[in-house]
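Hi,

Here is the structure I said I would pass on. Have a look at it first, and my notes follow underneath.

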Amino acid sequence: MTIVVAIDGPAAAGKGTLARRVAQDLNLAYLDTGLLYRATGFSVLQEQGDPSDENLALAAAQNLQPTDLENDALRHDEAAQAASKVAVIQSVRDELLAFQRRFAAEPPAGKNGAVLDGRDIGTVVCPHADVKLFVTASTEVRAQRRLKELQDRGLDAIYAQVLKDMKDRDARDSQRAAAPLKAADDAVILDTSDLDIEEVIAQAKSIISERT
Ligand code: C5P
């Protein structure tokens, strides 16, 4: 019996760090589904295209190769903004869905299951996940975390711009018609605004062990 853990939430809420630790500690395969959208958006940008153009975005999603996900440039905000533009397009989402579902259903041999993080894992990709966590934090806390992350990587960034980008992306992700960002009815909400990462991990692991 393998388990599936779905972790959703807005940008910089701490999903990625949490998902990686849960994967490591519980021997689960991990998929950062944001990378699929980032790689799709980035590939359109590289061709000087507009990520909101459905034909270009769909072709990029169809041609995605596993090695495309390893590009360091995907971590930049330019790729994040492009990701949230291709992500509103239903045909792009449909194209990326099969890969995500297969990853959840068939984790590599030796793994106890899979953890996926994103925006629609509990609602669309894995509606039958054993555990659904919705990880969130206030916009200001998330913008501060993203600012620190950018500065730690030696990148120039100012708080006001990071906050604006975060709000723009939140709005696009929450207000789109296709699989908008929202907690599944049966998700457990984890507000990380006042918690440090170890507290978040401990809470998540206790929820997972209660439910599996
Ligand atoms: O999680 P990350 O910040 O890497 O995601 C980048 C963008 O990809 C999000 O802002 C969102 O628009 C899109 N995304 C999505 N569904 C997912 C994962 C990411 O729409 N499951």
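The buried residues of α7 are covered by, among others, α4 (77–86) and α8 (159–175). This is a predicted model, by the way, so please read everything below in that light. The buried set in α7 is Arg142, Ala143, Arg146, Leu147 and Leu150. Looking down the axis of α7, those residues fit within an arc of 140°, so they line one face of the helix. Lys148 and Asp152 sit on the other side of α7 and are exposed. As for its geometry, α7 covers residues 139–152, which is 14 residues, and it reaches 20 Å from first C-alpha to last, close to the 20 Å expected at 1.5 Å a residue. After α7 comes Gly154, with a positive phi near 80°.

Now the sheet. It is an open one with five strands in the order β2-β3-β1-β4-β5, and the pairing is parallel. The edges are β2 (29–32) and β5 (188–191); each has a single partner strand, so one side of each has no neighbour in the sheet. From one strand to the next, the twist averages 20°.

Two of the pairings are worth a click in your viewer:

- β1 (residues 3–8) and β3 (residues 113–118) pair in the parallel sense over six bridges, and Ala6 stands opposite Leu116 of β3.
- β2 and β3 also run parallel, joined by four bridges. Here Leu31 has Leu116 in β3 as its bridge partner.

So Leu116 turns up in both: opposite Ala6 and as the bridge partner of Leu31.

In a regular strand the side chains alternate between the two faces of the sheet. You can see the alternation along β2: Ala29 and Leu31 point to one face and are buried, whereas Tyr30 and Asp32 point to the other and are not.

Which helices pack on the sheet? α1 (residues 15–26) does, touching β1, β2, β3, β4 (131–136) and β5, with its direction at about 175° to that of β3. α9 (residues 197–211) lies across β1, β4 and β5 and runs at about 170° to β5.

A bit more on α1. It has twelve residues and reaches 16 Å between its first and last C-alpha, close to the 16 Å expected at 1.5 Å a residue. Its buried residues are Lys15, Leu18, Ala19, Val22 and Ala23. Seen down the axis of α1, they fall within an arc of 130°, so here too the buried residues line one face of the helix. An α-helix has 3.6 residues a turn, so residues three or four places apart point the same way. What the buried residues of α1 pack against is β1, β2, β3, β4, β5 and α9.

On to the cores. The largest nonpolar core has 19 residues, and those with the most contacts inside it are Val5, Ile7, Leu18, Leu28, Val115 and Leu133. At least two residues of this core come from each of β1, α1, β4 and α9. The largest share is the five residues from α9. If you want a single residue to centre the view on, try Val115: leaving aside neighbours within four places in sequence, its contacts are Val5, Ile7, Ala19, Ala23, Leu28, Ala29, Tyr30, Leu31 and Phe103. There is also a second, separate core of 16 residues, which includes Phe42, Ala79, Val86 and Ala87.

Finally, some backbone angles you may want to look at. Asn27 has a positive phi of about 55° although it is not a glycine. It lies in the loop between α1 and β2, and at 29% relative accessibility Asn27 counts as partly exposed. Gln48 is another non-glycine residue with a positive phi, in this case near 60°. You will find Gln48 in the loop between α2 (34–46) and α3 (54–62). How accessible is Gln48? Its relative accessibility is 71%, and the cut-off for exposed is over 50%, so Gln48 counts as exposed.

That's what I have for now. Shout if anything looks odd on your screen.

Cheers

Methods: Residues numbered from 1 in each chain as written. Predicted model: local features only at pLDDT ≥ 70, side-chain atom pairs only at ≥ 80, totals over all residues. Heavy atoms only, no water. Expected span 1.5 Å × (residues − 1). Buried < 20%, exposed > 50% of the residue type's maximum accessible area, 1.4 Å probe, protein only. Arc of directions from axis to C-beta. Contact = heavy atoms within 4.5 Å. Pairing = 2+ DSSP bridges. Axes fitted to C-alpha atoms, helices over the stretch in contact; angles between N-to-C directions. Core = buried A, V, L, I, M, F, W, Y, C linked by side-chain atoms within 4.5 Å.
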